[in-house]
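Visitor: I would like to understand the words used for this structure, and how each of them is justified. Could you show it to me first?

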Amino acid sequence: MKFSDLALIEPIQTAIAEAGYTEPTPIQQAAIPTLLEGRDLLGCAQTGTGKTAAFALPILQRLAQNPRRPEPRHARVLVLAPTRELAIQIHDSFRAYGKHLRFKTAVVFGGVGQAPQVKALSSGVEVLIATPGRLLDLINQKYLRLSGLEVFVLDEADRMLDMGFIHDIRKVIAMLPAKRHNLFFSATMPPDIRKLADSILTEPAYVEVAPVSSTAELIEQSVMYVEKNRKKELLRHVLKNPALKRVIVFTRTKRGANQVSEVLEKSGVVSEAIHGNKSQSARQKALENFRAGRTRVLVATDIAARGIDIDGITHVINFEVPNISESYVHRIGRTARAGAPGAAISFCDAEERSFIKDIEKLIAQPIPVDRTQPYHSNEVENSRLLSKGKAKAAIEGRQGGGGNRNRRGGRPQPGGQRGAKAGNSANSGGGGRPQQKPQQKSQHGGGKPGPAPSGGSAGSRPQPRR
Ligand code: AMP
């Protein structure tokens, strides 16, 4: 199928061609016709499948076909995303795909001054991308109203719940007009997500692509058994191989990320750490350096890395094995994008062995062991398998309570828990990987990541009405 087979208008077709896309990905093939009809959609797909364009293109088309100036402090479309990085990326995509159309967009997220965001919203926008916390802040201050909303998109719903946004989401939903077009995306569909989806959607079409467990099959994976206190040496050793050109190293905690980055810097490897304690501008800068190839190794925690869409990552290294199996799949999915080869190496100590077993169950394949590396430990490989609870407790004890723990201990595993399929289904098994990404940068005041402008806007803030 070609994009020209989809009933997309010319300005959108041109933008797609300029982005270098020739064929729609499976989720785009399935979702675009449905969304053009205005039908609600439940999409089970993760980042990397082309899902942003799958919803952005038909939304843009419907806006273009029903032109209407948004009222001041109103938006016609709201996309809720869990992280700032993802929000910025979605915003960039809307701008790239809509570059030949006339409409206003804004992106709002926390951790930066709100004044430019307030300004961007003041005359109204067609499309608003937001993280939940800042969105509610702005609504509470009457800088924004959702009463005129026509389209509501909830992206990465499972991650939203993981990050504790459920109450914020409920608050937002309660403010939406009853008649609206709803889109709901999640990488996994455990029962709590399904319930949330049911509370938002009306007779949705269901689209499912590349189940989370199959994505892993595309990546060359290995596990290295190593004593806990030798992981840093192992990392230095592994990075001697120049084939590891652009690498993300995952740690479980923010402190761990800083430590690993320091060790690497000391041994002459250019690296930077990103995690929730870094300012938004520091995170953006680190990502830019990494994207531009100035930094070889990005050290990241799970949450910070969510939504990072950087092509050409050759290797993902799990310095610590995640205790939530799905995080493993999300982590390694940072590599092997856009059809490129990719490898994922996991450093596993004795306490983490049960996590590897769990991951192998989820991805339904064993992860090959690399016994050729000089720090290989037979003792670790053959050590007694701790129960998952004990292993988790051992690790959390080690973190001294200061870690970056997930709020919900063990998430339901996605494998057998998918909801029944209905409507349009596009189970691709991972085919049709996207090839290229739009590069247009955010130009709206609201989208400029950076330090909070001094002085803020408190003085000019309207008083909340009672
Ligand atoms: P997403 O899943 O929306 O994060 O998209 C993943 C990547 O695929 C992004 O870099 C997009 O720019 C790119 N992409 C989306 N659709 C296509 C397509 N049809 N062909 C090639 N690349 C695409």
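Visitor: What makes the sheet of 6 strands an open one, and in what order do the strands stand?

Guide: In this predicted model, the order is β8-β13-β12-β9-β11-β10, with parallel pairing. β8 (220–225) and β10 (271–274) stand at the edges with a single partner strand each, so one side of each has no neighbour in the sheet. From one strand to the next, the twist averages 20 degrees.

Visitor: How do you know that β12 and β13 pair?

Guide: Two strands pair if at least two bridges are found between them, and 4 bridges join β12 (residues 315–318) to β13 (residues 343–348), which run parallel. One of the partnerships is that of His-315 with Ala-343 in β13. By the same cut-off of at least two bridges, β10 pairs with β11 (residues 297–300), since 4 bridges in the parallel sense lie between them; there, Ile-274 has Ala-300 of β11 as its bridge partner.

Visitor: Why is β10 said to be covered on both faces?

Guide: A residue is called buried if 20 or more other C-beta atoms lie within 10 Å of its own. Ser-271 and Ala-273 on one side of β10, and Glu-272 and Ile-274 on the other, are all buried, and both faces are covered.

Visitor: Which helix packs on the sheet, and what does this helix touch?

Guide: Helix α15 (residues 325–332) packs there, touching β8, β9 (247–250), β12 and β13, and its direction makes about 150 degrees with that of β12.

Visitor: Why is α15 described as largely enclosed?

Guide: The description rests on burial, because 8 of the 8 residues of α15 are buried. Among them are Tyr-328, Val-329 and Ile-332, and also Glu-326, His-330 and Arg-331.

Visitor: How do you know that the largest nonpolar core lies between domain 1 and domain 2?

Guide: Domain 1 (3–209) and domain 2 (219–398) both give residues to this core, so the core lies between them. Of its 121 residues, Tyr-97, Leu-128 and Val-249 touch the most other members, while helix α3 (residues 51–65) gives the most to the core, with 8 residues. Leaving aside neighbours within four places in sequence, Leu-128 is in contact with Ala-75, Val-77, Leu-78, Ala-106 and Val-108.

Visitor: What is the mean pLDDT of the chain, and where is the pLDDT below 50?

Guide: The mean pLDDT of the protein chain is 82, and 81% of its residues reach 70 or more. Over residues 400–466, however, the pLDDT is below 50, although this stretch has 144 contacts in the model beyond near neighbours in sequence. Where pLDDT is low, the predicted coordinates should not be read in detail.

Key: Residues are numbered from 1 along each chain as its sequence is written. This is a predicted model: local features need pLDDT of at least 70, side-chain atom pairs count only at pLDDT 80 or more; totals for chains, interfaces and linings use all residues. pLDDT is the predictor's confidence in each residue, from 0 to 100. Two residues are in contact if their C-beta atoms, placed from the backbone, lie within 7 Å. Helices (H or I, at least four residues) and strands (E, at least two) are DSSP runs, numbered from the N terminus. Axes are lines fitted to C-alpha atoms, for helices over the stretch in contact, and angles run from 0 to 180 degrees between N-to-C directions. A nonpolar core is a set of buried Ala, Val, Leu, Ile, Met, Phe, Trp, Tyr and Cys residues joined through C-beta atoms within 7 Å. A residue is buried if 20 or more other C-beta atoms lie within 10 Å of its own, exposed if 12 or fewer, and partly exposed in between; C-beta atoms are placed from the backbone. Domain bounds come from an automatic or database domain assignment.
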